[in-house]
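Hi,

Here is the structure I promised to pass on to you. Have a look at it first, and then read my notes below with the picture open beside you.

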Amino acid sequence: MSTETVTLSEAAAKRIAAIVAADAEKQALRVSVEGGGCSGFSYKFDLDGQPAGDDIVISRDGATVLIDPMSLIYMAGSEIDFVDNLLGQSFQIKNPNAVASCGCGTSFSV
């Protein structure tokens, strides 16, 4: 799969770059999919130093996102966004593969 299968919004890129700049040991945001959550799968966000050998690396405007190949299967075609509204600030994934998601937006089913 190519890195074009997941995109990064401008807002997400700016936020990731700001977060990573504050921690000299971290260089990227790792996004993964895990079993669990209200709808079957959930997204996990972690700061990471270096990509693993099989990671998909997505870069935009000085920000880097790492996704492992298994998670990419569930995220193909998605956009990673960062929203800042009255409910708070959070990374959100607009996933066209999700047939259902929970109200908090962090879990989904395919």
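**Aromatic rings**

There are three aromatic pairs in this structure, which, by the way, is a predicted model. One of them is the pair Phe45 and Phe91, and the two rings are stacked, with 5.8 Å from centre to centre and 25 degrees between the planes. If those two values are new to you: a pair of aromatic rings is described by the distance of the centres and the angle of the planes. The angle of 25 degrees is under 30 degrees, so the pair counts as stacked.

This pair links distant parts of the chain, since Phe45 sits in strand E3 (residues 41-48) and Phe91 in strand E7 (residues 88-94), 46 residues apart. Are the two rings buried or exposed? Phe45 is partly exposed, at 28% relative accessible area, while Phe91 has 15% relative accessibility and counts as buried. The cut-off for buried is under 20%, so Phe91 falls inside it and Phe45 does not. Phe82 joins in as well: Phe45, Phe82 and Phe91 make up one aromatic cluster.

**The overall layout**

Now a step back to the whole chain. The protein has two helices and nine strands, and along the sequence they follow the pattern β-α-β-β-β-β-α-β-β-β-β. Of the 110 residues, 36% are buried. If you take the contacts with a separation of 6 or more, 52% of them come from residues 24 or more positions apart.

**A three-stranded sheet**

Which strands should you look for here? Find E1, E6 and E7: they form an open sheet in the order E1-E6-E7, and the pairing is mixed. E1 and E7 are at the edges and have a single partner strand each, so each has one side without a neighbour in the sheet.

You can see where "mixed" comes from by going through the pairs. Strand E1 (residues 7-8) pairs with E6 in the parallel sense, over two bridges, and Leu8 stands opposite Ile80 in E6. E6 and E7, on the other hand, run antiparallel and are joined by seven bridges. In that pairing, Glu79 has Lys94 in E7 as its bridge partner. E6 and E7 also form a hairpin, and two residues lie between them.

Asp84 is a good residue to click on while you are here. Asp84 lies in strand E6 (residues 79-85) and counts as exposed, at 56% relative accessibility. The side chain of Asp84 makes a polar contact with the side chain of Gln89, at 3.1 Å. Try Ala11 too: Asp84 and Ala11 are 73 residues apart in sequence, but their C-alpha atoms are 9.4 Å apart in space.

**Helix H1 and the loop before it**

Helix H1 (residues 10-21) has 12 residues and spans 17 Å from its first C-alpha to its last, close to the 16 Å expected at 1.5 Å a residue. Which residues of H1 are buried? They are Ala12, Ala13, Ile16 and Val20. Looking down the axis of H1, you will find these buried residues within an arc of 100 degrees, so they line one face of the helix. The general rule helps here: an α-helix has 3.6 residues a turn, so residues three or four places apart point the same way. On the face of H1 turned away from the buried side you will find the exposed residues Lys14 and Ala21.

Ser9 belongs to the loop between E1 and H1. At 7% relative accessibility, Ser9 counts as buried. What does the side chain of Ser9 make a polar contact with? The partner is the side chain of Asp81, at 2.6 Å. Leaving aside neighbours within four places in sequence, Ser9 is in contact with Arg60, Glu79, Ile80, Asp81 and Phe82. You have already met Phe82, in the aromatic cluster with Phe45 and Phe91.

**One odd backbone angle**

Last one. Most residues other than glycine have a negative phi. Asp61 is not a glycine, yet has a positive phi of about 50 degrees. Asp61 lies in the loop between strand E4 (56-60) and strand E5 (63-67), and is exposed, with a relative accessible area of 54%.

Have fun with it!

Methods:
Residues are numbered from 1 along each chain as its sequence is written. This is a predicted model: local features need pLDDT of at least 70, side-chain atom pairs count only at pLDDT 80 or more; totals for chains, interfaces and linings use all residues. Side-chain values use heavy atoms; hydrogens and water are left out. Rings of Phe, Tyr and Trp (its six-membered ring) pair if their centres lie within 6.5 Å; planes under 30 degrees apart count as stacked, over 60 as edge-to-face and the rest as tilted. Helices (H or I, at least four residues) and strands (E, at least two) are DSSP runs, numbered from the N terminus. Buried means under 20% relative accessible area, exposed over 50%, partly exposed in between (1.4 Å probe, protein chains only). A polar contact is a pair of N or O atoms within 3.5 Å; within protein, one must be able to donate a hydrogen and the other to accept it, and residues adjacent in sequence count only if both atoms are side-chain atoms. Two strands pair if DSSP finds at least two bridges between them. The expected span of a helix is 1.5 Å times one less than its number of residues. The arc is that of the directions from the helix axis to the C-beta atoms. Contact means heavy atoms within 4.5 Å.
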